[in-house]
Amino acid sequence: MSKARYSKVAGREDPSPDIQDQARKLGIGPVYAITGVTEESTNAGEIEWIDNMEEQPLNAGQSPARKTEEKKDEDLFVKTDDKNKIDYVIVYKKKTKEDERNEFFAYLKSEGLRLSILKQQENGENIFIKVHAPWPVLARYAEEMKIRMPIKENDIDEPTTIWKFLRKTPKLFALSKEFIPQETKYFTLAFVMSREDEFIMESRDTFFSRATRSRIVHEILEKARCDKKDETKFGYGYMVANGFLSACFPLHDGDWHSEHSLLTHGPLNDRHLLYEEWAKPKRFYKQQPLNLIRSYFGEKIGLYFSWLGYYTIMLTYAAIFGVVTFLLGCITIGSSIKVNEICNEDGPGNFLMCPLCDERCDYWRLSSSCFYSKLTYLVDNWATVIFAIFMSLWATMFCEFWKRRENTLQYEWDLFGFEDNRENVRPEFEASAPEKRISPITKEEEPFVPWTTRMTRLTNSLIFILFMILLVVAAVFSVIIYRIAIKVALARTNSEFVSSLSSIVTSVTASCLSLILIMILQIVYERIAVRLTDLELQRTETEYEDSLVFKMYLFAFVNYYSTSFYIAFLKGKITGNPHDYGKIFGLRQEECDASGCMQELFINIAITMCGKQFFSNFMELGTPVIMNYIRSYRGKQEGAKERGKYEQWEKDLDLTDHGPRGLFKEYLEMVIQFGFTTIFVCAFPLAPFFALLNNLIEIRLDAFKFISQLRRPYAARAQDIGAWHAILVGIGNLSVLTNALVLAFTSEFIPQAVYKRRYGNGSLTGYMDFSLSHFNTKDFEPGSAPVDSAFINITDCRYRGFYESTLPYDHSTDNWVILRWKLLFVLIYEHVIYLITFAVAYMIPDVPDFVRDQIRRENYLAQQALHESLKNEQDARNGGASNA
């Protein structure tokens with residue numbers, strides 16, 4: 001043992017034969033457990049990592065630098081010397097296969113990584129390998145990965161503009177400057193080892209952040225070979241999937257909570273600071289510390305929370321408008337002529353309506369729809385039209401403004417050009433690509449998939465996706481049959497009370513059934529979509545994620561919105577008339593209530609949207625909390641029994657793995673919610689409000705989950721939010737059309753406007769008589785007339801629609817006039833909204849001017865640095881020649 005290195009160590013003892021055996025198999029020589037080490041007797045700098053294990057025995061079983069119980073939950077890697085940073089932890093079971101694992105470890109050592117073995121406890125099963133990347137490895141990979149590092153402090157200030165004023169955070173919502181100060185901004189340049197002195201560097205040990213270090217180590221682990229004879233066996237993902245390893249992860253900074261107040265003792269570490277200032281529920285109204293999130297979790301996760309926060313802020317305006325719209329409906333419901341006519345049993349409410357089903361259903365009074373008419377008015381009034389116009393503009397403007405914000409973040413976080421210049425090829429693509437070719441860019445050999453092979457694989461994926469979509473359509477069709485059957489069954493009962501509730505009971509139960517089918521199909525399809533995307537052999541991680549995103553969202557779109565599309569645009573539109581009903585499998589098609597279908601659309605969207613959000617939040621947080629509690633309880637019990645210390649790497653192992661695409665479900669959930677708040681928002685004005693409430697909770701739940709319930713993910717980078725932005729733009733544009741169609745064809749807005757102009761002299765008095773057609777009861781088609789009716793000598797009944805009052809009951813002239821105005825309204829509505837959107841998008845540049853100036857300044861400095869480097873090299877060569 002080196003005296004210089006362990007001069008203050010009181011002694012040592014040989015660990016168990018298991019650890020010695022594991023060390024020999026890894027080829028790292030003898031292993032020792034260091035004893036008698038105290039905080040007073042040992043300096044952190046004296047315990048160093050071992051490159052050559054045969055010369056330098058390695059400690060095992062304990063952490064030599066921090067093993068005292070006075071420092072509870074000591075941060076093993078923050079308080080130790082920077083040379084000893086634990087960049088990654090690898091875990092495996094001691095009784096698993098060793099051949100490929102040893103090959104894997106040999107590759108890591110050949111790349112320059114330094115490994116340290118540590119057993120969990122004497123009788124435990126887990127073996128921990130602590131991985132450290134020394135400076136040469138970091139520098140070499142930083143250059144290969146084109147990681148940008150600071151060269152000069154940013155000397156361009158953002159000018160005072162209206163945008164800067166609008167972005168200014170009120171003091172109430174601002175972060176604590178004491179704990180999260182304003183970060184210094186720098187101009188950056190891709191790192192080059194030979195020009196190290198041109199970068200701003202206090203020391204090599206602190207030059208690369210922990211996030212950058214973990215990303216570099218992850219790059220090595222992802223490509224590490226496990227079998228020299230088989231190129232398809234590589235990467236830690238293969239090792240974990242096949243049981244050779246249990247887990248690979250970077251360590252958290254330490255504990256996330258403290259017994260002491262943040263104000264009196266300060267933060268223990270960045271993890272604790274993030275919990276106190278970000279993840280705590282009582283911080284729900286505070287701004288997010290995006291730069292700290294980015295430095296701890298990486299740019300990809302930072303972008304997600306930035307987008308989610310921006311979306312939530314924008315929802316505030318929509319939520320306020322939506323609540324005001326709903327309240328106006330509640331306030332003015334008493335003045336609604338339509339509602340008053342339906343509820344007036346001495347007036348139009350006494351109209352006798354045609355039966356809702358064949359033979360067993362009887363005639364009924366219009367006043368039975370009084371409740372439904374009131375519910376419909378809340379979401380179908382003059383304020384709804386204004387709100388729909390606002391939301392159509394909001395949906396498209398949100399995408400435009402986010403693009404501007406995203407471009408600003410791309411510059412500040414050095415993400416410009418990442419996908420084009422700095423994103424690496426997926427190891428799976430390198431191993432499985434069927435052919436090789438000479439790259440037209442680098443002129444070097446690279447893996448290649450011919451377009452014929454790619455098209456075959458994409459075609460197979462498309463066929464299966466269409467099959468799954470047809471399966472969803474079949475599920476929706478089954479729900480439609482259920483709606484028809486249950487409504488007929490309830491309407492046929494002898495109880496007048498039950499019959500009067502048939503419509504709302506059918507809507508609620510059908511919506512709940514639809515939600516259950518939606519959740520089941522989504523879970524099944526997700527696994528299939530991942531497998532299909534694996535088979536496509538996408539070249540980069542971005543291409544892989546984009547392909548998976550489009551598959552999943554295409555299915556989710558049909559899955560979540562198909563029932564709403566049916567209610568909005570099909571239900572009650574092709575039901576026919578009592579002389580010739582439209583039927584499905586011998587059953588009459590569903591009819592809308594006399595007051596319209598808006599209330600059913602409202603109920604369906606409310607149940608589907610709110611139910612999905614509740615279920616997702618429960619599964620998202622509830623499952624990790626329960627599983628982590630079980631695992632951590634076992635770990636604490638074993639630790640107390642064996643050593644009395646529950647180490648940081650053991651705590652992290654007991655947490656839930658984030659997964660390679662852990663953000664996928666988060667984005668999908670929010671984008672589906674965005675669809676509910678835009679596509680049919682005029683039928684549910686409270687949708688933005690419920691979305692806002694959910695997101696205020698979602699941000700803190702996600703933050704708490706990332707901080708306390710998940711292992712620390714490697715610091716992945718991404719240039720933007722990927723294909724999700726294109727989907728958001730598509731939803732925004734689609735929402736303009738759908739809201740126009742809902743206002744025109746589902747609500748009563750156009751028919752009421754036509755009646756006011758042509759017949760009512762500006763009033764809706766008599767509208768119900770206008771909107772209900774007459775039918776002579778002697779013209780019922782066979783098997784449709786009610787049997788044993790309680791009404792005697794009925795010669796005329798009313799039904800919804802604009803039809804002639806005599807055979808063959810064709811559509812009336814009013815029907816075609818109203819249809820013409822509906823189509824004209826849709827045409828004008830969507831053209832005006834799109835014109836305004838394009839005008840605003842043209843006037844507001846995607847990249848702010850001050851960001852463009854900073855980019856130009858940075859490029860100028862990069863050119864200057866290159867010229868200076870070339871000049872110095874030339875001077876050095878000239879000097880050498882002169883000396884010669």
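**Trp394 and its ring partner**

I started with Trp394, which counts as buried because its relative accessibility is 5%, under the 20% cut-off. Worth noting at once: this is a predicted model. Next I checked Phe398, which has 0% relative accessibility and therefore counts as buried too. How many aromatic pairs does the structure hold? I get a count of 63 aromatic pairs. Trp394 and Phe398 form one such pair, and it is stacked: the centres are 5.8 Å apart, with 10° between the planes. Both residues are in helix α14, four residues apart, so about one helical turn separates them.

**The helix they sit in**

I then looked at α14 as a whole. It covers residues 382–412, 31 residues in total, and spans 45 Å from its first C-alpha to its last. That is close to the 45 Å expected at 1.5 Å a residue. Is α14 mostly covered or mostly open? Mostly covered: I find 22 of its 31 residues buried.

I checked the ends as well. At the N-terminal end, Asn381 acts as the cap, with a side-chain oxygen 2.9 Å from the backbone nitrogen of Ala383. Just after α14 comes Asp414, where I noted a positive phi of about 60°.

**Following Asp414**

Asp414 also turned up in my salt-bridge search, where its partner is Arg148 and the closest N and O atoms are 3.9 Å apart. Arg148 is in strand β7 (residues 148–153) and Asp414 in the loop between α14 and α15 (418–422), so this pair ties together parts 266 residues apart in sequence. What about burial on the two sides? Asp414 counts as buried because its relative accessibility is 12%. Arg148, at 23%, counts as partly exposed, since buried would need a value under 20%.

**Other salt bridges**

Over the whole structure I count 26 salt bridges. Asp87 and Arg213 make one of them, with 2.7 Å between the closest N and O atoms. This one links distant parts of the chain: Asp87 is in the loop between β3 (58–59) and β4 (88–93), Arg213 is in helix α6 (residues 210–223), and their positions lie 126 residues apart. I find both Asp87 and Arg213 buried.

Arg712 and Asp253 meet in another salt bridge, at 2.9 Å from N to O. Which parts of the chain does this pair link? Arg712 belongs to the loop between α24 (687–709) and α25 (723–746), Asp253 to the loop between β9 (247–249) and α8 (262–265), and they are 459 residues apart. Arg712 and Asp253 are both buried. I also found a network: salt bridges with shared partners join Arg148, Asp414 and Glu858.

**Charges over rings**

Back to Arg712: its charged end sits over the ring of Tyr296, 3.7 Å from the ring centre. I noted a similar placement for Arg798, which lies over the face of Phe351 at 4.6 Å from the ring centre.

**Gln613**

Last entry. I looked up Gln613, which lies in helix α21 (residues 598–642). Buried or exposed? Buried, because its relative accessible area is 8%. What does the side chain of Gln613 reach? I find a polar contact with the side chain of Gln673, at 2.9 Å. Leaving out neighbours within four places in sequence, I list Gln673, Phe690, Ala691 and Asn694 as the contacts of Gln613.

Conventions
Residues are numbered from 1 along each chain as its sequence is written. This is a predicted model: local features need pLDDT of at least 70, side-chain atom pairs count only at pLDDT 80 or more; totals for chains, interfaces and linings use all residues. Side-chain values use heavy atoms; hydrogens and water are left out. Helices (H or I, at least four residues) and strands (E, at least two) are DSSP runs, numbered from the N terminus. The expected span of a helix is 1.5 Å times one less than its number of residues. Buried means under 20% relative accessible area, exposed over 50%, partly exposed in between (1.4 Å probe, protein chains only). A polar contact is a pair of N or O atoms within 3.5 Å; within protein, one must be able to donate a hydrogen and the other to accept it, and residues adjacent in sequence count only if both atoms are side-chain atoms. Rings of Phe, Tyr and Trp (its six-membered ring) pair if their centres lie within 6.5 Å; planes under 30 degrees apart count as stacked, over 60 as edge-to-face and the rest as tilted. A charge sits over a ring if NZ of Lys or CZ of Arg is within 6 Å of the ring centre and within 35 degrees of the ring normal. A salt bridge is a side-chain nitrogen of Lys or Arg within 4 Å of a carboxyl oxygen of Asp or Glu. Contact means heavy atoms within 4.5 Å.
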